[in-house]
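Here's a walk through one structure, from its overall fold down to single side chains. Have the viewer open alongside.

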Amino acid sequence: MSSKDLPMQLVKLESNFEEYPLGQLGKKPTGKPLSFNTKNVLEDGTVIEGEWTLIPSSEYHEPLGFDFDVYFAVAELVERNGGMPEDGVVDFSLYELREIIGLQPGGKTYSQIRRSLELWALLGIRSKRAFWQHGECKHITDFFRIWDVTFDDSKK
């Protein structure tokens with residue numbers, strides 16, 4: 001199934017996100033794209049060189065330490081709820097994320113979590129020949145974002 005066939009609200013979670021970096025821990029924010037060279041060796045020994053680039057929005061920087069806390073808290077929520085829902089929509093509250101991360105309640109805390117979710121939603125990724133598309137047996141170039149994020153301030 002190509003990315004064009006996937007529903008728009010589906011969160012792309014896959015093993016390539018474990019292989020390629022989503023930021024640099026311990027660095028100061030630059031707000032500039034971060035590029036990483038990739039090398040994939042095919043079964044016949046052919047080496048495919050590629051590039052994985054993280055492109056922060058003009059309003060945000062690249063993911064840093066706290067942003068990874070939020071990223072993994074969302075992953076924890078998905079796990080607690082039995083995996084990714086078929087429709088790709090993960091419902092949660094900022095309160096739940098705060099609890100998982102272990103932060104004290106407060107307006108600043110919720111603002112930081114919300115801002116981090118916005119950062120992830122706006123982080124662009126360009127993968128030049130870094131992804132292997134099994135169905136078509138080829139490396140592809142793809143442009144995407146990790147998540148779509150919608151904030152709903154209503155009380156259920």
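What follows covers the fold, the aromatic pairs, the salt bridges, a charged patch and one backbone oddity.

## The overall layout

First, a reminder that you're looking at a predicted model. The protein chain has 4 helices and 4 strands. Read from the N terminus, the elements go α-β-β-α-α-α-β-β.

How much of the protein chain counts as buried? Of its 156 residues, 33% do.

## Aromatic pairs

There are 6 aromatic pairs in the structure. One of them joins Phe68 and Trp120 edge-to-face, with 5.6 Å from centre to centre and 80° between the planes. Phe68 sits in helix H2 and Trp120 in helix H4 (residues 107-122), so this pair ties together parts that are 52 residues apart in sequence. Why does Phe68 count as buried? Its relative accessible area is 13%, and the cut-off for buried is under 20%. Trp120 is buried too, with a relative accessible area of 0%.

Tyr71 and Trp147 make another pair, and this one is stacked: the centres are 5.4 Å apart, with 10° between the planes. Here again distant parts of the chain are linked, with Tyr71 in helix H2 and Trp147 in the segment after strand S4 (138-145), 76 residues apart. Both Tyr71 and Trp147 are buried. Zoom out a little and you get a cluster: ring pairs link Phe68, Tyr71, Phe72, Trp120 and Trp147.

## Salt bridges

How many salt bridges does a search of the whole structure find? It turns up 4. Among them is the one between Lys128 and Glu51, whose closest N and O atoms are 3.8 Å apart. Lys128 belongs to strand S3 (residues 124-133) and Glu51 to strand S2 (residues 47-55), so the pair ties together parts that are 77 residues apart in sequence. Lys128 counts as partly exposed, at 36% relative accessibility.

Arg98 and Glu99 also meet through their side chains in a salt bridge, at 2.9 Å from N to O. Are the two partners buried or exposed? Arg98 is buried, with a relative accessible area of 5%, while Glu99 counts as partly exposed at 44% relative accessibility. Then there's Glu118 with Arg114, a salt bridge whose closest N and O atoms are 3.9 Å apart. Because they are 4 residues apart in helix H4, Glu118 and Arg114 are separated by about one helical turn. Each counts as partly exposed: Glu118 at 26% relative accessibility, and Arg114 at 28%.

## A negative patch

Now over to the surface. Which residues form the negative surface patch? They are Glu86, Asp87, Asp91 and Asp152. Asp87 is found in the loop between helix H2 (65-80) and helix H3 (94-101), and Asp91 has its place in the loop between H2 and H3 as well.

On accessibility, Asp87 counts as partly exposed at 41%. Asp91 is exposed because its relative accessible area is 57%, and exposed means over 50%. There's a long-range link to look at here too: Asp91 and Phe151 are 60 residues apart in sequence, yet their C-alpha atoms are 9.9 Å apart in space.

## A backbone oddity

One last stop, this time for the backbone. Most residues other than glycine have a negative phi. Arg129 isn't a glycine, but it has a positive phi of about 55°. If you want to find it in the viewer, Arg129 lies in strand S3. That is the strand (residues 124-133) which also holds Lys128, the salt-bridge partner of Glu51. As for its surroundings, Arg129 counts as partly exposed, at 39% relative accessibility.

How values were computed: Residues are numbered from 1 along each chain as its sequence is written. This is a predicted model: local features need pLDDT of at least 70, side-chain atom pairs count only at pLDDT 80 or more; totals for chains, interfaces and linings use all residues. Side-chain values use heavy atoms; hydrogens and water are left out. Patches are made of residues with over 30% relative accessible area and no salt bridge: like charges are joined within 9 Å, nonpolar side chains (Val, Leu, Ile, Met, Phe, Trp, Tyr) within 5 Å. Accessible areas come from the Shrake-Rupley method with a 1.4 Å probe; for residues, only the protein chains shown count as cover. Lys and Arg count as positive and Asp and Glu as negative; His and the chain ends are not counted. The place of a charge is taken as NZ of Lys, CZ of Arg, CG of Asp or CD of Glu. Helices (H or I, at least four residues) and strands (E, at least two) are DSSP runs, numbered from the N terminus. Buried means under 20% relative accessible area, exposed over 50%, partly exposed in between (1.4 Å probe, protein chains only). Rings of Phe, Tyr and Trp (its six-membered ring) pair if their centres lie within 6.5 Å; planes under 30 degrees apart count as stacked, over 60 as edge-to-face and the rest as tilted.
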